[in-house]
Structures are given as C-alpha cells and as structure tokens.
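Here are a few exercises to work through with the model open in your viewer. Try each task on your own before you read the solution.

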Amino acid sequence: MIFMHNTRPDRTRPHLIGTLFACSIYLFLFLPIFVVILNSFNANKTKPYATFKGFTFEWYIKLFDNPALLSSFGNTLLVAFASTVLSVLIGTLAAVGMHRYKFKGKSAIDALLYIPVVIPEIILGISLLSVFAWVSIPRGLITLILSHVAFSTPFVIFTLRARLSGYDLTFEEAAMDLGANRIKTFAYVTLPLILPGILSGGLLAFTLSIDDVIISYFVNGTVKTFPLKVMESIKSGVAPDVNALSTLILLGTTGIVLLTQSGLFKSEAKS
Amino acid sequence: MMTLNDKKQKMPMLTMLSPITSMLIFLVVIPLIYVLVLSFCKTNEYYQVMFTFSFDNYKNLLSPSYFQVYMNSIVIAAITTVICIVLGYPFAYYIVKQPPKIRTILYMLVIIPFWTNSLIRIYGWKSFLGASGLLNNLFVWLGITHKPLELLFNRGAVVLGMTYTLFPFMVLPLYTAIEKLDLTLIEASYDLGARKVNTFLHVILPLTSSGIFAGAIMVFIPTLGFFFVSDILGGGKSDMIGNLIERQFGSANNWPLGSALSIILILLTLIMVRLYTKAGGKLEDLG
Amino acid sequence: MNDQHDFLFFKFSNVRRMIMSEKEVLVKLRGINKQYGTNQVVKDLNLDIYKGEFLTLLGPSGCGKTTTLRMIAGFETPSSGEMTINGEDLINKEPFDRNINTVFQSYALFPHMSIYDNIAFGLKMKNMKKADIKPKVEEILELVQLTGFGGRFPHQLSGGQRQRIAIARALVNNPQVLLLDEPLGALDLKLRKQMQVELKRMQKKLGITFVYVTHDQEEALTMSDRIVVMNSGYLEQLGTPDEIYEKPRTKFVATFIGETNLFEATIAQVDEDEVLLNFETGCMRGLGKDFELDEIVYASVRPEKMNFGSSNFYKPSMPAVVKEHIYIGSIVKCIAMLPNGQEVKIQRLSGEPLPKPNEVINLYWEPEDATIMHSREDTLFSLIENVNLGGAYDDSK
C-alpha cells in the first residue's frame, strides 16, 4: 500500500485548519450519540422527555422492568444471529464457488448480487412484503430472517471476495496432492485460510441486521425488533430507557468489534 | 486461472452455488418481478389487489403533486450528495495523511457511530434541534434569540439528517481511493512544475474520481428511499419518494400504486448506476 | 542408480544406456490429448517414465509441459488417452488417491501451519500415528538440511528454505513419482545452481522417480537422465542430455537447446551415412541417413564446432567476414558474416586463436559435427525411427 503520509519535514506543517476541520466533522458525527447518552441520564419523567432535568441512573434499572423493550432487543439479537449464520453459510459457499469455478450464469449471479446493495432498501422491503403476502407466508421472525439474509449475503460475499482475490487455489491442490480428500482439504486448508474473511463478513452482516429499520419495517408483522420499537416510540418522544439501552448496545458492539478487530489483525499478521 | 480437475467437480459446484442462486431467485428476482406486475394492477374498494392490466397507476403518478415530490427528492438527494463530497473529500484526505496508527483510529471513529441504531441517532438530532432541545436552550441562554427557533420540520433539517446518515458512505470509498494514490505521481507532478492547485486538479482529483463517483452513488440512491429521516426531521412537510411508497404500503393501502412508485424509483436508480458506469465507475466499488 | 558418475554422465552415455534399458516402466502415457475449448495444449503425447529416473519436461512457456505434469498429478483430466502407473489406470484416480506428490512452483506451503505441520500434513492424511510422524518429519528436515526449523512458519523462511520445505513436504510421503513444477524458478542464480546439485543428490539417494518441469535448458541438461523437449503441445524429442544436445532432431530442438548455427541447404548427394550439402556459397558434408536427393534440409553446427581457415583455404568451405568479438568470461565468441548476410557464431576458449575483425576467412566443419535435419518438420517424426534407448515412441499423429 502506498500511503499519502508526507515524510518531508518542510511540507508537513501542522495542519491546524485541517485538524480543526476534522474535529468538527467528528463532533458532527458524534453529537447525536452524545445527546442519546445524555438523555439516558435525563431525570425528566414526562413525555416527550425533551428538556434535561438533572442526572439519574434510574433508567438503566427501569430498563429491565420493560418486557416489551427487552423482548424487542431479544428479537433483534435472534434475527441478527440467525440471519448472520445463514448469510455467512450461503455467502461463503458462493464466494468460494465463484472464485473457483467458471460456469455459465456466473456473470448473472454477479450482477444480481449488486441489486440488494444498490437499490434503495425500501424497494427490497416492499417487494419482499408483496411476495410474502402473495404466497401467504405469515409475517414474523421467519420473514424477518429471510429478508435480512437477502440484503446481507451480498455484503458477506463482497467482503470474502476481496480476501479470496489474494487466495491461491494451489493451496488446495497441494492439500489434495498430499492425500487430503475434498472435505479434509476444506477443513484443514480452505477454511482456516479464509476464516478472517468469513469473520469480518459475518460481523458486517450482524451489524447490518441489528441496525436495519427500513426492510424490517415492512416484513415484521407483529414482531418488534429494537429499531422498530424505537420507531414506534419516536412519535411520542423516545423514553430515556430506550436511550439507556442504546447506550448499552453501543458500548457492547464497540467492545465486541474492537476485540474481534484486534483478533483479526493478529491472525492476519500470521499469514 | 487453473481449474481443478474438471470432471469430478459437478457435485461440489452445485452444492456451493445452489444456495445463493435460489436465494437470489426467491428473495430478489421474483419479488422485483412481482412488484413490476403489481404496478400494472388495481385495487377494488376493499383495497384488494385486482389482477387486471392497466397503466392507471403510472398515469396517476404523472400528476403535478407527485412531480413536486420527485423534484423534492432529487433536490434533497443532490444537495446531500454535494455536501457529502465537499465535506467528505478533505476529511478523507486528512485521515489518509495521518501516520498509520492514528489513521486506523480515525478510520474506526468514522465507523463507530454506525453501531448505534440510525433511528436513535436521528432522534438524537431531533431532540438536539427541537424547540426545547439543547441548541435552542443554548441560543436562548446566550441571548441570540428570545424564543426558540423552529429548526426542525423543513427541507434543511431533512438534508442535515440525510447528510448525517450517509456521510460515512461517502468517506469510506474516498478514503480507499485516496489511500491507493501513488505518492510518486504527485512528486512527478511537482517535478514537472505543477503547483499545488494544478497538481490537485490535474493529478490527484482525476486519480481519486472513482471514489467520488462511488461515494456519490452510495449517498444519492439511498437518500431517495430513507423515508424515516424525512418523517422524523421533516415532519411530513418535505415528502420524498420513499415516504410516498411507505404510505401506499402502509396507511393508504394501495400496493399497486406503491409498486408503480417503486418501479419509478428503480428506474431512477438504474439511470444513476448507468451514469456511474458510463463515467468509468466499477460496480465492485459499491460493495 | 550408480552414485559414482554423478555429474559426468555426459561421458558415460553408453554405460547409462545399458543401465537404463533394464529399467522398468513406471508411468505410461498413451495418446494423451488435452484441450481447453478449442485450444489444444497437449497433442497425442506418448511417454514412458522409468522407475528411478530423473526425467525433465523441457520447453518454452505454453508448450504443454506444466499441463502434462498436472495431468500426472491429477489436477487436470486428459481429454483423451490412457495413463497408467505400474499398469494400473491413473486417470480415474483423484489427486489425493495417487501416490504422487508435487513440488509447486509457488511452493504452496500452507501459511497457517508451522513447518512441522506442513511436512506432517500428508502423513496425517494417511492417518499415521503421531508418534510415527515425528521421526519421519525430523529425518526429512535433516535431509533438506533444515533441522530445527519445524516450529517456524513459512513466512519466516527465506525463498531457498521454503523451497527445501516444499521438497521435504512432498518427499516425506515417499511418493512413487515426485513432480516438480519449475521449483527453482523463484531463486536467484547462485542458489539455483546449488539447489540443482542438491536435488540431484537427493534423487539419487532416495531413488525416487523425478519428473521435472523447466524452461531452462541448462538446468535440464545438468540434472536429467532423460529430457523430453516439448513445443506447442508436441513432443519434439526425447533423449539423454547428450543426445538432445549433440543430435537435435528438429530445428526447434537445435535452436532451443544451446546456441547453434543453422544453414539451409539442398542434398546434392547421398552416401551410406553421409550426405553432401549444397549451399548458396559452396558444398559441404554432414552425417545423416534417410535423406532424399534435392531435399531441402537444415544443417546445425554448434559454435564451438565451427572451424575457420585463411582466405586461400583449399577444403570445401564458405567465405565470411569477421565482424566482432564478444568476450564472455572464459569464452570468446566471434561473429562472422556470410555474403548473404547470415551471421555465424564461432566460439573458443579465451586464449585460443581467433580471426581478427574485418579479416576474410573460410568457414568449414567436420562432417560429424553437422547435424542434418529435415526442413519439413511436420513429417519429420514419421520419417525417423527412434534411435535412442527405447524411450521414445512413434510420435507421429
């Protein structure tokens, strides 16, 4: 990789303006998150909880007395896990298959993969809704999971494909040459080598699923995921316990992702 | 590329590729075709879909009131895209210029806000800008204004929300494009007597244009469909195509009309992607 | 194989011929064709590989040598033809069911496994016990002179070390045939020379059949018992290194292996085993059978066999003007030009007499130093019966 980092001292003046600019962009990016965190400590108890009336931890405790909120979060996790596992499975098989084989219709698959990525989410949402209604699949967890698989699988494939482009099929030939059959070759050679790609693809799928509003909005039926619960409560003012849960989720995901990232970097250094 | 022993590969190949193929057929192709079919249908008085062929939905969509919404959508999407480029380019450039360690941290800081639900963040803006929100409180306290300003429920607030939500989608492709830039090309440009402005215009900008195009596509198209942003921050006063579609599949319960609107949005998307690929953009960069 | 005439095998071709003729055939290729779409990469290949020999497939890139190797390994399936090992069918065996191992051009060492695990991989796949694997790995590490490297990872090794591990990983399985696909291609010249010697040493010590692919003719000549010269999918010639060098059967072989001077001529007279050649600029003799009168042929004369005399030389010869001398370390090359503009190379050890630039000389050669070849290369194979050690077959289509 070629970096733009300028090494000549005479050209590296302290970019005061640049730094100020970057700081204000980060302020812009994090401002609403600060507001959310601040609101989670808001002692204001009347809807729409707009003005800040002092500091309290109360909402973090009350949160656990709100079964609707907790179950929505449970649904979100369930849908995210299930759709991540499915999309990683489908995506890994597809990415490896497309990397390995030349076949008729490969370019068609390739082109179709871009549809869920490029078209606005709302289109995917209403079209899935229409079809589920058409074939009378009751809307609920199953349709949520299927829809999340539909939009996250291409991302898994693209992430993996970037990894696979540097992956040499000779490794597999070498394994077979040394007496490993196809299953052993996959287990001992292919899988360990593409595992970092699978993990980051899965992480992406998980994040996309947890955050999804638009597609879930159309296919959920009566099942509420956490984002849909938020959507529902937004009209009347989001209760501080929702803010509290959001804050906890942010802390949780940041922690998990930082851990995995450092883990990924480690295994990358090896290869 | 060498292919593995070809004769004995039929089975593994089918096992690997049939899941994705069936997923794409059942969850992407058939739904989209079904929407196309729906767009030519009608509803009866009980809001049930009647499978009769007609262009009525499309005729309805030509009325001036809908046109206003299309224009509003395109204007908002265009302004959002331009703001994202103008802010995103120098920002991405700044990040890339940092030493590797700091760069990784700065890059992660762009992604972290993603991990809070986008609705929550938009709501954060709403409560920040609202009549009794932090900003108005600050203004009143500073004496800039006596009564709270109406900062929400206008096109500006929608643009702000869209810019906020989609800004990272502009920065990430720009970052990738600028990072790939070969430093020696800039040195060559200086060496040949080009000053900073000319080097930027004639060397850096053309070489990173792929990032700008990819970012523009990734901002412009989703903006058209992000109905909840215009709902929450626009308060229904700045409707976009996404809001219309959402309403037809929701409260208005006219799926054929909503489908026709979706087809129009798909066409808009296709036009944008076509323009993008014509300008030399690659689909891979959108992934 | 006899250890004592390690690298002097040029000289002992007769002895070798005797040894080789007693060899039993291990791998048999019959009528092998390989096609990708309309592109035929290997054309009607017939080849016997003997037990314990060092066979090299030599040719320019795209000649089909690597494809042939990959077919033996099992990574490619021939479009048609038969392939057996010890008389058993090979084509329908999966690569992992063949007792044949490959040293890959890129080495293909598994980056996520230690050196020990890389070498042990094949043995583990055979479900060998851990306790039995360990001494085998250590023994082979010793053979490649990398004792104690087991705990390292491929990326911690130098190119040359990785190369040895790749060889060790294949050899530890005690394969019937070891296939080597340009294994020295990525090494620098000095290391390559050293590895050539080492590979040959290992092959002799273990007595394993080596099938070696290279485009480097020098490498092929130094290491091989027999060489298969391939060109655009065809087997051009099969023989021992000295046969290939001294008696090239086609223009391609003559020019691809070593340097040569090629002269176009017509057959003016056919004697028992000699022919008289008629050139534009004179007549000369050469060794050769089965030529027809008035046939257009090529005469190939190696630069070191090219003789010269003064301008008033009496023997049959060709006049030429000396253009320049080129010094290459211990040898000197002299470039002379014929009246028709063709350049002729003469090579001598430095210190030996050579004509000076601009001097007019007469070029000649001894009949036994000229190899005469048919110009109709396509019919060549049907005309010549194979003279060497029974290794080659009728190569005609």
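**Exercise 1. A network across chains**

Task: In this predicted model, find which residues are linked with Glu173(A) in a network of salt bridges.

Solution: Start at Glu173(A) and look for basic and acidic side chains of chain C. The network of salt bridges links Glu173(A), Arg70(C) and Glu76(C). As background, side chains of opposite charge can pair when their charged atoms come close.

**Exercise 2. Salt bridges in chain C**

Task: Find the salt-bridge partners of Lys193(C), Arg285(C) and Lys93(C), and decide how far each residue is covered.

Solution: Apply the cut-off of 4 Å between a side-chain nitrogen and a carboxyl oxygen. Over all chains, this rule gives 24 salt bridges.

- Step 1. Lys193(C) meets Glu218(C), with 2.5 Å from N to O. This pair links distant parts of the chain, since Lys193(C) is in helix H6 (residues 189-206) of chain C and Glu218(C) is in helix H7 (residues 217-223) of chain C, 25 residues apart. With a relative accessible area of 35%, Lys193(C) is partly exposed; Glu218(C) is also partly exposed, at 45%.
- Step 2. Arg285(C) forms a salt bridge with Glu274(C), and their closest N and O atoms are 3.1 Å apart. Arg285(C) belongs to strand E13 (residues 282-287) of chain C and Glu274(C) to strand E12 (residues 274-279) of chain C, so the pair ties together parts eleven residues apart in sequence. Arg285(C) is partly exposed at 27% relative accessibility, and Glu274(C) is partly exposed at 22%.
- Step 3. Lys93(C) meets Glu88(C) at 3.8 Å, N to O. Lys93(C) has a relative accessible area of 26% and is partly exposed; Glu88(C), at 46%, is partly exposed.

**Exercise 3. Reading a sheet**

Task: Work out the strand order of the open four-stranded sheet in chain C, and explain why E2 and E5 stand at its edges.

Solution: Go from one pairing to the next.

- Step 1. Strand E1 (residues 25-36) of chain C pairs with E2(C) in the antiparallel sense over eight bridges. Here Ile32(C) stands opposite Leu45(C) in E2(C).
- Step 2. E1(C) is also joined by five bridges to strand E4 (residues 80-85) of chain C, again antiparallel. On this side, Val27(C) stands opposite Ile85(C) in E4(C).
- Step 3. E4(C) and E5(C) pair antiparallel over two bridges, and Thr84(C) stands opposite Asp89(C) in E5(C). The two strands form a hairpin with two residues between them, and Asn86(C) in the turn has a positive phi of about 50°.
- Step 4. Put together, the order is E2-E1-E4-E5 (chain C), with antiparallel pairing. Strands E2 (39-50) and E5 (88-89) of chain C each have a single partner strand, so one side of each is left without a neighbour in the sheet.

**Exercise 4. A second hairpin**

Task: Describe how strands E17 and E18 of chain C are joined.

Solution: Strand E17 (residues 331-337) of chain C runs antiparallel to strand E18 (residues 343-349) of chain C, and seven bridges join them. Within this pairing, Cys334(C) stands opposite Ile346(C) in E18(C). Five residues lie between the strands of the hairpin, and Gly341(C) in the turn has a positive phi of about 95°.

**Exercise 5. Rings, stacking and surface**

Task: Classify the ring pair Tyr114(A) and Phe158(A), then look at other aromatic side chains.

Solution: Two values settle the class.

- Step 1. By the ring-pair rule there are 42 aromatic pairs over all chains. The centres of Tyr114(A) and Phe158(A) are 4.8 Å apart and their planes meet at 20°, so this pair is stacked.
- Step 2. Tyr114(A) counts as buried at 6% relative accessibility, and Phe158(A) is buried at 12%.
- Step 3. For a charge over a ring, look at Arg169(C), which lies over the face of Phe110(C) at 4.8 Å from the ring centre. Likewise, Lys62(A) lies over the face of Trp59(A), at 5.2 Å from the ring centre.
- Step 4. On the surface, Leu38(A), Phe52(A), Phe55(A), Phe57(A) and Leu134(B) form a nonpolar patch with about 490 Å² of accessible area together. Phe52(A) is partly exposed, with a relative accessible area of 35%.

Technical notes:
Residues are numbered from 1 along each chain as its sequence is written. Chains are lettered from A and ligands numbered from 1 in the order in which they are written. This is a predicted model: local features need pLDDT of at least 70, side-chain atom pairs count only at pLDDT 80 or more; totals for chains, interfaces and linings use all residues. Side-chain values use heavy atoms; hydrogens and water are left out. Two strands pair if DSSP finds at least two bridges between them. Rings of Phe, Tyr and Trp (its six-membered ring) pair if their centres lie within 6.5 Å; planes under 30 degrees apart count as stacked, over 60 as edge-to-face and the rest as tilted. Buried means under 20% relative accessible area, exposed over 50%, partly exposed in between (1.4 Å probe, protein chains only). A charge sits over a ring if NZ of Lys or CZ of Arg is within 6 Å of the ring centre and within 35 degrees of the ring normal. Patches are made of residues with over 30% relative accessible area and no salt bridge: like charges are joined within 9 Å, nonpolar side chains (Val, Leu, Ile, Met, Phe, Trp, Tyr) within 5 Å. Accessible areas come from the Shrake-Rupley method with a 1.4 Å probe; for residues, only the protein chains shown count as cover.
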